[in-house]
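Here are a few short exercises to work through with the model open beside you. Take each task first, then compare your steps with the solution.

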Amino acid sequence: MTDLNTFGIADARDALRKGDVTSLELTEACLGAIETSGALNAFVHNTPEIARTQAAAADARIKAGDAPDMCGIPLGIKDLFCTKGVPGQAASRILEGFKPEYESTITQQLWDAGSVMLGKLNMDEFAMGSSNETSVYGDAVNPWKVDDRKLTPGGSSGGSAAAVAADLCMAATGTDTGGSIRQPAAFAGITGLKPTYGRCSRWGVVAFASSLDQAGPMTKSVRDAAIMLGAMAGHDAKDSTSAELAVPDFEAALTGDIRGKKIGIPKEYRMEGMPQEIEQLWADGTAMLKDAGAEIVDITLPHTKYALPAYYVVAPAEASSNLARYDGVRFGHRAKIGQGDGITEMYEKTRAEGFGPEVQRRVMIGTYVLSAGFYDAYYNRARKVRSLIKKDFEDVFAQGVDAILTPATPSAAFGLGEMAEADPVQMYLNDVFTVTVNLAGLPGIAVPVGLDKQGLPLGLQLIGRPWEEGDLLNTAYALEQAAGFVAKPAKWW
Amino acid sequence: MSIDITTAARVAKLARIAVPQDDLPKLADELNGIIAFMEQLNEVDVDGVEPMTSVTPQRLTRREDVVTDGSQQEAVLKNAPDAREGFFAVPKVVE
């Protein structure tokens, strides 16, 4: 029998139903894999006791015959999710020692469905980063490797991507504000889905930019993403932007039949200086969907170029407001203050010590674009451009386009530390293909499609109509079937 | 628009982040780089365009204005760096 930790959700579910394995066995296999995975630095807070208790309960429930699909499945949870009594610090020093007194809606739903929590996963500090290098826990490392260099698993959900790719868990939760599920999924050769804004509750997920943040599944297959999304999604009265929509059976949508579907290829995503390999991958993916019976149409999303600059106004603006709560009073780190220091000095020292450089930079940019005199020039202008970007998508969907195919990232995974000297904007370019989707609130999925000539995974992104994750997942499923991506990283850790 | 050292210091103050005097030139440089990137937005014709406020066209849900939670003083204070006698403790605020 294959190592149990290599199972995905669907395999594990079916094996559990047949009585071939128990959740305890699956959980032990993952806990064992986690124990020897220190070099990846993916898991940062382990919860083996919780895992074993939940697994035993799941086994009893499966035996009783009343178990949902996610029952007994061992998962990794991004450190951004509040899980009661378990350290959660959004990979930031400022939340050192913080143990939430409450549970996020999404994790609660997963535990209610019988899933098993293995621990918390590394990420960029407050989800701000594209390489997992801004984390207080240190870099998470990509299990994929081609030479002596350690590669980034991407960010911000870098620990989630590394853990799933290295088979430390069956699947993981991620969050995506500008590409933080899809870019790491592409770098690690796994599937990552950002649902429509409002599909999954944001309650109990540490906020970065509230109008862009959306949690989603990071999994070993499209089917797994469909199953896990079903358990994560749903209306929540505790999140005022959560949609009051029924959760469809996403897995039932996976027929693989995409005949007659219209797939748009946006010309603006053909970036200058784009590596030939990415261009080729995109052409290959287009051909695969065409062979599966889809109709390929050229489309235009004219404001694409302005998505990144608009994002880097809107996201820091919202972040500067959201992160105002970290002041050393109610939770987390408080700086030692000097004699004569008042409360303002306490705030300033606490935030200088607690926030890393990238978070400080974004909070200050946000503060600047919201400050008197600049609010209209930057923040309001960016929000208007955001309206235009959303309209670009509405126009192509109105023309009958069902999904849009684009590259997921402008390159394969790069080496940790290689961007250290680059200016911040260079790092932001990682999000160039993904950020439009957050601005427009649409669902997007990254699917591994091939390897580059060094042997590193490359992914493509499919963008769907709002609330039609089922249809989007089905198109992704057809792409996955055609691409037949089965490569796994060779174990070195 | 460019950010000089005085502006950088003002932004840091507004953000309540202590930045040592010596680090201000580098901060101003970095902020300028990012602001320059944002200047591209000036190329876009936004005349008559409404700023986007809500991602999905929905009215934020409201609920009845009644107490739904409470009496959790211990849980609320549990993570405080300094809590005394049922309160968050902070340095002296009023002279």
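A residue counts as buried if 20 or more other C-beta atoms lie within 10 Å of its own, and as exposed if 12 or fewer do. Keep in mind that this is a predicted model.

**Exercise 1.** Decide whether Lys78(A) is buried or exposed, and list its contacts.

*Solution.* Begin by locating the residue: Lys78(A) sits in strand E2 of chain A. Next, count neighbours: 30 other C-beta atoms lie within 10 Å, so Lys78(A) is buried. Finally, look beyond four places in sequence: the residues touched by Lys78(A) include Leu121(A), Met123(A), Ser160(A) and Thr173(A).

**Exercise 2.** Find out which residues the UniProt entry lists for "active site", and why they can be said to gather at one spot.

*Solution.* The unreviewed UniProt entry lists Lys78(A), Ser156(A) and Ser180(A). They span 103 residues in sequence, but no two of their C-alpha atoms are more than 11.3 Å apart, so they gather at one spot. Now take Ser180(A), placed in the loop between E4 and helix H6 of chain A. Ser180(A) has 38 C-beta neighbours inside 10 Å and is therefore buried. Among its contacts is Ser156(A).

**Exercise 3.** Trace the strand order of the open sheet of 11 strands.

*Solution.* Following the pairing gives E1-E3-E2-E4-E6-E5-E10-E11-E9-E7-E8 in chain A, with mixed pairing. The edges are E1 and E8, each pairing on one side only. For one pair inside the sheet, choose E4 and E6 of chain A, which run antiparallel over 5 bridges; there, Thr175(A) has Ala215(A) as its bridge partner.

Methods:
Residues numbered from 1 in each chain as written. Chains lettered and ligands numbered in written order. Predicted model: local features only at pLDDT ≥ 70, side-chain atom pairs only at ≥ 80, totals over all residues. Pairing = 2+ DSSP bridges. Helix = DSSP H or I, 4+ residues; strand = E, 2+ residues; numbered from the N terminus. UniProt positions renumbered as here; feature names shortened; annotations may be inferred. Contact = placed C-beta atoms within 7 Å.
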